[in-house]
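Me: I am new to this structure and would like to be walked through it by questions and answers. Please take it one step at a time.

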Amino acid sequence: MSRRAPRWLTWLRRRDPDLAATRRAGRTAVVMPALFALCTEVLHSPTMASFAAFGSFSMLLLVDYSGPMVERLRAQVALALAWLVLICVGTLAGREIWSAVAATVVVGFLVLFAGVVSSVLAGSSTALLLAFVLPVSAPVPLSQLPDRLAGAGLAAAVALPAVALLWPRPVADPLSAPAAAVCRAAAGYLRTRASLPGPSQPGPHLPGPHLPGTTPPGTDPTGTTPPGTDPTGTAPPVPDADLCRVAAEHTARTGAELRAAFDATPYRPTGLSATSRALVRLVDELTWLCAVLVDRSDYTDEPPGCDPAAHTVRRAGALVLEAAGDLLTDLDGDTGPLRARAAELRAALTGMEHSSAVRVPAEQPGGDSTAEVYGFIATLDVSFRAQELGFAVLQIADNVGTAASAWQRSWPERLLGREPGALTAPLAAARERALTHLTVDSVWLHNSLRGAVGLGIAVFLAGVTGVEHSFWVLLGTLSVLRSNALSTGQNAVRAVLGTVAGSVIGAGLLQLIGHHGTALWFVLPVAVLLAGVAPAAVSFAAGQAAFTVTLVVLFNIGHDPSWHVALLRVQDIALGCAVSVVVAVFFWPRGARAAVHRALAEAYDDSARYLGDAVDYALGHSTPTDPGPQSRAAAASARRLDDAFRSYLAERGAKPLSLACTTTLVTGVVGLRLAADAVVSLWQGEDRARVQAVRADAHGAVLGSAALVTGWYHEFAASLGDHSPVPDVVPLRPEGAARLVASVRTELSDEEGRATPVAIRIIWTDDHVDAARRLQPGLADAAKARAGARHQGTRTAAAS
């Protein structure tokens, strides 16, 4: 019989999942007091003691790197080296107030803005800023620089084995498990969908459908019944469409859970490694795959029977997704099965393209009525959906394979930065991400500028007023500055109240201890532990209170206990809070909400332009525009939107915008951009002269449809940016479809009257454009509901 966990442990696990904060606090509570004691009692160097204490506090409590141990240790070494450099810069700049202010603004901006490159740098920003503000706020002669470096070096030397040996963090990835669940759910849906017969198609000899994650009895590992076998001795049951619906709902639910895990952090959960970058791209692709699986054409309730090759593609796609899910569960696994099944899927897609070209025109009547035109297109709908999902699955397979190959690199390969299968080198990726946010509408740029200016003002005020322990003025500014004036003001109040409470507790503790200063050595580890756990387990104010107690204890060790330090702490934090509130009001009073509006408008505008360029590349002029630059521009605006949305989610307080509607709009950008990717992929490697020779009316029909669809998205983007009415969605256009079908039946046929592969690709290109059109009603509804919620929130605020 298992024993129930103590109530305090259950409470702690509920407040601190996986005991992440408790783990960091426990390590720090062991290391920090030990180093402080070594430097003060053995080495007799107060300077070393201060930098060793705050260095260990920074390297153990303020950061918690993920990934394999070798990557964590490499990040710790990089953090330690950065600390040494920033201590030198801060010591040199802190000798004059003008140089201290200028250096603080520059260094603060560079450190905060560098977080856009990767989550590793973003998560290290506070630790890095601590390394600079500690020396720049305390001017000393250069002769003390060696002691400062020695203290930080000692902290770094102890932090490495502490991270590796003292309650090490388990290797975990926030995306791999939910991504694997989506792959398996989608594979189960594809199996069930492939087993459903069309209205004019006999059911394939397959076992009955099964829920995702299960294997039907009597099947081989591919999920199909071997020819000539019937394990039950009866005819195979006809699949039930209800099970298909259940599988689709399960897939959509797991996709939503993956997206929620991805959006749960204030910055993208990714580093610069090939594994991290591939997993982040995987989220968008799986989101799109889920949308593709549940999307339906609005010109037919159920497409008629089609080339069985489409069902072969679905089954091959299921095999690929299952292999991808297995590899995501264990990135050390063999990548061979995934790559082999991806090759089989590519072969199935090629076979489906040729079989569709041979079968379709010969089997359809030549009438021009709307019913016959859409009947012709519906015949290809199953094949198109198979081609669309096949492309999505191959993209997923490539990214999962890249992530696994990079994960399996040897230690020397990791050290040298060799990343098999990476699309870009780490430095090139870093440069691309940084340039993406060097625009006036970038949330990350705004936050970096505000933080840097706020710290610069704090340094100036601390120098002018001559407050003691001016370092805490800067720390107070940094700790409470948030993305809008309201939440900054709320944090300022919490910080001051927490500091006052901590000061009272600290003063009472010193009064209780009296002249027995040795007792403070026993109190220090407990105070450090509480300071690390309280922000996560209790509240921000509780964390400020516990941190204040820690400082009161730390600055009284070795001296006669005095409550004077507690009062200084209140004074310094209050000044820092005032600076942060002023800077927040001056730079960005409305927070990230307005930035989300602008980022959405920009992302839809760029993605629509990319879709137009992709269609022009496929079917346009004899020298079509290269869609590469617009593809990069669309990806960049999508990243800026992602960061703006995360900043909005991270803001405290009520959300005047509907999160459900805003999430729909954010994911719609993904679908639009990846539809353009699919068009480009469909025509890559095609003989341009062969395509242009048959352009005729079919090209004009598709280009006309693309112009209408992308034009709507440009208007939609404008409505999001200036809050104007949402445009009416583009309806089905029978005349354009008839023009396209007529061209396929005449000008894009061979001498036997059968369509060519080029004809099939043209129709599929039009289908990709139509898929972008089918997104419009849902996006328009979300935008209208979002606008209504915004107006309601404005009226409520005005009334109050």
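**Helix packing and cores**

Reply: To begin, helix 22 passes helix 24 in a left-handed crossing. Please keep in mind throughout that this is a predicted model.

Me: Is helix 22 roughly parallel or roughly perpendicular to helix 24?
Reply: Helix 22 and helix 24, the latter spanning residues 659–683, pack with their axes 9 Å apart and at an angle of about 15°. Angles under 35 degrees count as roughly parallel. Therefore the relation of helix 22 to helix 24 is roughly parallel.

Me: Which helices and how many strands does the protein chain have?
Reply: The protein chain has 29 helices, and the number of strands beside them is zero. Of its 800 residues, 54% count as buried. To return to the count asked for, the chain holds 29 helices and zero strands.

Me: Which helix gives the largest share of the largest nonpolar core?
Reply: The largest nonpolar core has 110 residues, and L289 and Y604 are those with the most contacts inside it. The largest share of this core amounts to 15 residues, and the element that supplies them, covering residues 593–619, is helix 22.

Me: Which residues does L289 touch, not counting residues up to four places away in sequence?
Reply: L289 is one of the residues with the most contacts inside the largest nonpolar core. Leaving out residues up to four places away in sequence, L289 touches A186, L321, L389, A392, V393 and I396.

Me: How many residues are in the second, separate core?
Reply: This second core is separate from the one just described, and L35, C39, A52 and L145 are included in it. Its residue count is 67.

Technical notes
Residues are numbered from 1 along each chain as its sequence is written. This is a predicted model: local features need pLDDT of at least 70, side-chain atom pairs count only at pLDDT 80 or more; totals for chains, interfaces and linings use all residues. Side-chain values use heavy atoms; hydrogens and water are left out. A nonpolar core is a set of buried Ala, Val, Leu, Ile, Met, Phe, Trp, Tyr and Cys residues joined through side-chain atoms within 4.5 Å. Buried means under 20% relative accessible area, exposed over 50%, partly exposed in between (1.4 Å probe, protein chains only). Helices (H or I, at least four residues) and strands (E, at least two) are DSSP runs, numbered from the N terminus. Contact means heavy atoms within 4.5 Å. Axes are lines fitted to C-alpha atoms, for helices over the stretch in contact, and angles run from 0 to 180 degrees between N-to-C directions. Angles under 35 degrees count as roughly parallel, over 145 as roughly antiparallel, 65 to 115 as roughly perpendicular and the rest as oblique. A crossing is left-handed if the near helix is turned anticlockwise from the far one by less than a right angle, and right-handed if clockwise.
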